[in-house]
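I am opening a notebook on this structure. My entries cover its sheets first and a pocket afterwards.

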Amino acid sequence: MIKRGITLSLMCASVLYAEELVNLSDITVTATRVETATVSQALSIEKKESQEIELDQVVFQKDLLNSLSNVLVTQTTSGVGHMISVRTPISTQPYFLYLQDGIPVQSSGFFNHNALAYTSFESADSVEVLKGAGTALYGSDAVSAVINVGSVKPDGKAQSSAKVNVGSNGYKHTYLKNAGKMGEATNYEVGVGYTESDGYRDHTAHKRYEVMAKFSTMLDEENNIETSFSYNKTEAEQAGTLTLEELESGSTSVGNIADKLTQVDPQRKFDFMRASVKWDNYSYENLDISTIAYVRNTRNRYTATWEPNLAQNDSEQTSVGLMHKTEQKFSWGQMTYGLDMEYTNGTVAYIQAFDYVPTGWGSAVDKGLIYDYDVDYVALAPYLQSHIVLSQNLFLDVGLRYDYNAFDYTNNTDSGQYGDSSYYRPADRTDSFNHLSPKLALSYRPDERTSYYARYANGFRIPSATRLYSQSKTSDATQFSLDPETTDTFELGFKKRFATSSVDLAYYYMTINDTIVRREAANKDRYYENGGESVHQGVELSYKQKYNAEFASTIAASYSKSNYVNDVQYGDNEMAAAPREKVNLRLFYTPSDALTLMGEIQYIGSYYMDDANTRSYGGYTVGNIKLNYQMNKQVKIFAKVDNVTDEYYAEKADYAFGSERYTPALPRAFYAGVEYRF
């Protein structure tokens, strides 16, 4: 990696003073689905609100999330494609439950690691990250984190706005919004967005469309109906990875797939649609009832550029779901109980576009349809969660969730091995899994602004349909079935809200058992199986400081380690792509109620590039500068410079198929825009 100067950042902010921009008393909803003070919750949860998000001027998902402690989003080679790390390595593993306004954006049976692309991340009003295994309200995939992207709640205020943003590499973004009232009882907000970029490397252009509509109707004093519709579509060209020499020279090459572009045009396309209705009822004393019904469609198409044969995937899922929750208050505390149900029909087609003949190891793959199958998936989960007041200052939280998940798989091609390749098609079959997840937390609150807590939470993730049915056959092993991974999170935490500062500190120790790992056979073909145990532990710090009306700062820092435990292949090695240190430092300067400046430094420590621990990457330090300027009530100007010192660094570095592979980050990039409100 080459550093081109001293990483420095002076930053920029919004239309609010620094002491208003840095919120010391967050209210979050993810853990309980009701507004709850963060300091009172016996778990680790962080939130970013609209003022700071506006200052970040979100272009990629990492702009929304990387300022939170122990959270690292890395963009892949396809625009808004991404991987994420929260208490676990940077990976595509289904350890993350993604929500939009509290509703999952994908089925737990068909995990897509790019699911933040399904959310309204570009126009987000807030984002919350609950770390570790989720509460009883969440089931499969809530292992490392529950990530909830929030959109604006309609308040009935009549307002329209138009935002235009342009930047380096042909970036253009437009967002139009209208809000107000429909009749006496209904508030609404509707937004439409369009984004395009040429990309800074060859074959990395992308386009994105977004529509968001929300309607809130107060039927009477005891009943409220919220209706929402969300749609987005992304079309992105895909590039490959670079060598170290190419990375350090700032190459704009398409990378290691250049010689394949005459045979296939790698593209990644996401389609997402969800309509939902939420009914909140307060008719009964000490009883709050909430029911959400939704229908959702997702489609994910891509070229597997990380595989030598560049196979093409087309998978689509259509889901209907119901999330019911009742909260009941008692003299001793409160109890929440509910039921989540979802049915999903999924289809998968995996296509080889050309006859592939390996030049080294691996197997030949004939042109044709590798996989073609349908899956009917059912998820059913009752749960209960109690908050018990033991004394004036001592509280106990107890939760229990039972999940039943079932797959009915139909193979639409011939069963067995695909030609002489390593691909294997199982015959028709059904698979089912069930899991009971206990949760327990004890918190001591000497006053309303201080909390000490200890937490235990069990979680799990089922094998996804592609892991179960897109199988591999090698000379050494044939993979026929997988068991769910189970996880146990142990956490100690301290939270304190001072007059001008706040601190959140957590130590966690998390185990994952029956880890689904990728193996390599003697002929270098790869397959999956349940391995042993992995351990993930670390310390997380989030600190906010208001110095005066003009200056404020935030620090989000973590030190963590992820290790295998007596693995048959890797022993107790450190896991690949697991940076030990993650630090984000921000300084806000608001000299007036019109101007905000922010300077940001992001530091990511070194990590191993492979599980064998034979190669490592040194990490990086990068700085950004951002500003907002409110000219008048109607016009706001904003701008930012990302990677101010023009570092050449890798978003992710790994070692696979006998070579080092580097996914380059963007060099220095400039963005500027204007928003007009009327």
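Before reading any sheet I fix one term: two strands pair if DSSP finds at least two bridges between them. I also note that this is a predicted model.

Entry on the first sheet. I looked up the strand order and found an open sheet of 3 strands, β21-β22-β25, with antiparallel pairing. β21 (416-417) and β25 (471-472) stand at its edges with a single partner strand each, so one side of each is left without a neighbour in the sheet. I then checked how β22 (residues 423-425) is joined to β25: they run antiparallel, with 2 bridges. Y423 stands opposite S472 in β25.

Entry on the second sheet. This open sheet has 5 strands in the order β3-β8-β9-β6-β7, and its pairing is mixed. Its edges are β3 (45-48) and β7 (103-104); each has a single partner strand, so one side of each lacks a neighbour in the sheet. I followed β8 (residues 126-131) against β9 (residues 145-150) and found antiparallel pairing over 6 bridges. L130 has V146 in β9 as its bridge partner.

Entry on the pocket. I looked up the second largest pocket, whose volume is about 1000 Å³. Which residues lie nearest its centre? They are V29, R33, E35, K153 and K278, out of 43 that line the pocket. Both β8 and β9 are among the elements that supply at least two residues each to this lining, as are α2 (50-56) and β13 (206-220). β15 gives the most, with 5 residues. By type, I noted 16 charged, 15 polar and 12 nonpolar residues in the lining.

Technical notes
Residues are numbered from 1 along each chain as its sequence is written. This is a predicted model: local features need pLDDT of at least 70, side-chain atom pairs count only at pLDDT 80 or more; totals for chains, interfaces and linings use all residues. Side-chain values use heavy atoms; hydrogens and water are left out. Helices (H or I, at least four residues) and strands (E, at least two) are DSSP runs, numbered from the N terminus. On a 1 Å grid over the protein atoms alone, a cavity is a set of points where a 1.4 Å probe fits but cannot get out, and a pocket is an open set with protein on both sides within 12 Å along at least five of seven lines; lining residues have an atom within 4 Å of a point. Grid points are joined across faces, edges and corners, and a volume is the space filled by probe spheres set on the points. Ala, Val, Leu, Ile, Met, Phe, Trp, Tyr, Cys and Pro count as nonpolar, Asp, Glu, Lys and Arg as charged, and the others, Gly among them, as polar.
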